[in-house]
Amino acid sequence: MKNKLLIIGASGHGKVVADIALEMNKWSSIEFLDDNKTIKNVMGLDVIGSSKDMLNYIDEYEIFVGIGDNAIRKRIYEKLKSAGATIPILIHPNAVIGSEVSIESGTVVMAGVVINCCTQIGQACIINTGSTVDHDNSIGDYVHMSPGARLAGTVKVGQESWLGIGSVVSNNINISSRSIVGAGSVVIKNINEPGRYVGTPVRRL
């Protein structure tokens, strides 16, 4: 097992990822790659290059994509995976993970999250601060659950979807891939087509 971690992205989301990695106390060193050449050090951690250099480090580091944008995170993650990089799962020590929960590589689970039993979470997802995922959920690859988002039981969220801060999804709901649910919105019926949805209950824009 590699004992060094390299995080791609040293901006807001990447800093939270680094903070979780530090709390996990698993790696002897943590460093960043970032395309902003003016950033040299973040949170006392060095920025040692840009994202174009990432494949040069796969033999020495575990590599994690600390970028909030779903499409960019997907593109970089898939390139790393194809190259054989070791991509960890990051889970804040204060998160609560139930039994028979499956979480795939490249996913970050932040502080205050609760994931109840028998839920499956795909690769390179963001389960953001204080969000909750109830029993028997299925969350596709590259999904971003924003802080405080709430999923009731037996919800299915398609890949590359984004659930806004404080959004709520009722039980037994399916959400199409590449859907955006606005901040504070409430979903009580299936979302069957990609698009932007807002309101209480949601309507498509």
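Pro 201 is where I would like to start, and in this predicted model that residue is found in the loop between strand 23, residues 195-198, and strand 24, residues 203-204. The peptide bond leading into Pro 201 from Thr 200 is cis, with omega near -5°.

Staying with backbone geometry for a moment, there are two residues that take a positive phi although neither is a glycine. The first I will mention is Asn 25, where phi is about 55°; Asn 25 comes just after helix 1, in the loop that runs between helix 1 and strand 2, residues 29-33. Is Asn 25 buried or exposed? Its relative accessibility is 66%, so Asn 25 counts as exposed, the cut-off for that class being over 50%. The other is Met 43, again with a positive phi of about 55°, and Met 43 is found in the loop between strand 3, residues 41-42, and strand 4. Met 43 has a relative accessible area of 40%, and therefore falls in the partly exposed class, between the 20% and 50% limits.

Let me turn to the helix that precedes Asn 25. Helix 1 covers residues 12-24, and because each residue should add 1.5 Å, its 13 residues should span 18 Å; the end C-alpha atoms are 19 Å apart, which agrees. Its buried residues are His 13, Gly 14, Val 17, Ala 18, Ile 20 and Ala 21. These cover an arc of only 160° around the axis, so they sit on the same side of helix 1.

Helix 2 can be taken through the same steps. How far apart are the end C-alpha atoms of helix 2? They are 18 Å apart, and since the 13 residues of helix 2, residues 70-82, should span 18 Å at 1.5 Å a residue, the two values agree. The buried residues here are Asn 70, Arg 73, Ile 76, Tyr 77 and Leu 80. Looking down the axis of helix 2, we find these buried residues within an arc of 140°, and so they line one face of the helix. On the other side of helix 2, Arg 75 and Ser 82 are exposed.

What do the buried residues of helix 2 pack against? Their partners are strand 1 (4-8), strand 5 (62-65), strand 12 (126-127), strand 15 (144-145) and strand 18 (162-163). At the start of helix 2, a side-chain oxygen of Asp 69 comes to within 3.1 Å of the backbone nitrogen of Ala 71, and just after the helix, Gly 84 takes a positive phi of about 85°.

That brings me to the domains. The domain assignment gives domain 1 as residues 4-88 and domain 2 as residues 91-195, and the C-alpha centres of the two domains lie 23 Å apart. The contact between them takes 17 residues from domain 1 and 18 residues from domain 2. Together the two domains bury about 1500 Å² between them, with 60% of that area on carbon and sulfur atoms. On the domain 1 side, the residues that lose the most area to domain 2 are Ile 20, Asn 70 and Tyr 77, which together account for 35% of what that side buries. We have met these names already, as Ile 20 is among the buried residues of helix 1, while Asn 70 and Tyr 77 are among those of helix 2.

I will close with two loop residues. Asn 128 lies in the loop between strand 12 and strand 13, residues 132-133, and its relative accessible area is 10%, so Asn 128 is buried, which requires a value under 20%. The side chain of Asn 128 makes a polar contact, at 3.1 Å, with the side chain of His 144. Leaving aside residues up to four places away in sequence, Asn 128 touches Met 110, Val 113, His 144, Met 145, Ser 146 and Pro 147.

Ile 48, by comparison, has its place in the loop between strand 4, residues 45-46, and strand 5, and is partly exposed, with a relative accessible area of 30%. Which residues does Ile 48 touch, not counting residues up to four places away in sequence? They are Leu 6, Glu 31, Phe 32, Leu 33, Tyr 57 and Tyr 61. For one of these, Glu 31, the C-alpha atom is separated from that of Ile 48 by 6.9 Å, with the two positions 17 residues apart along the chain.

Conventions. Residues are numbered from 1 along each chain as its sequence is written. This is a predicted model: local features need pLDDT of at least 70, side-chain atom pairs count only at pLDDT 80 or more; totals for chains, interfaces and linings use all residues. Side-chain values use heavy atoms; hydrogens and water are left out. Helices (H or I, at least four residues) and strands (E, at least two) are DSSP runs, numbered from the N terminus. The expected span of a helix is 1.5 Å times one less than its number of residues. Buried means under 20% relative accessible area, exposed over 50%, partly exposed in between (1.4 Å probe, protein chains only). The arc is that of the directions from the helix axis to the C-beta atoms. Contact means heavy atoms within 4.5 Å. A polar contact is a pair of N or O atoms within 3.5 Å; within protein, one must be able to donate a hydrogen and the other to accept it, and residues adjacent in sequence count only if both atoms are side-chain atoms. Domain bounds come from an automatic or database domain assignment. Buried area is the accessible area (1.4 Å probe) that two parts lose on being put together, summed over both.
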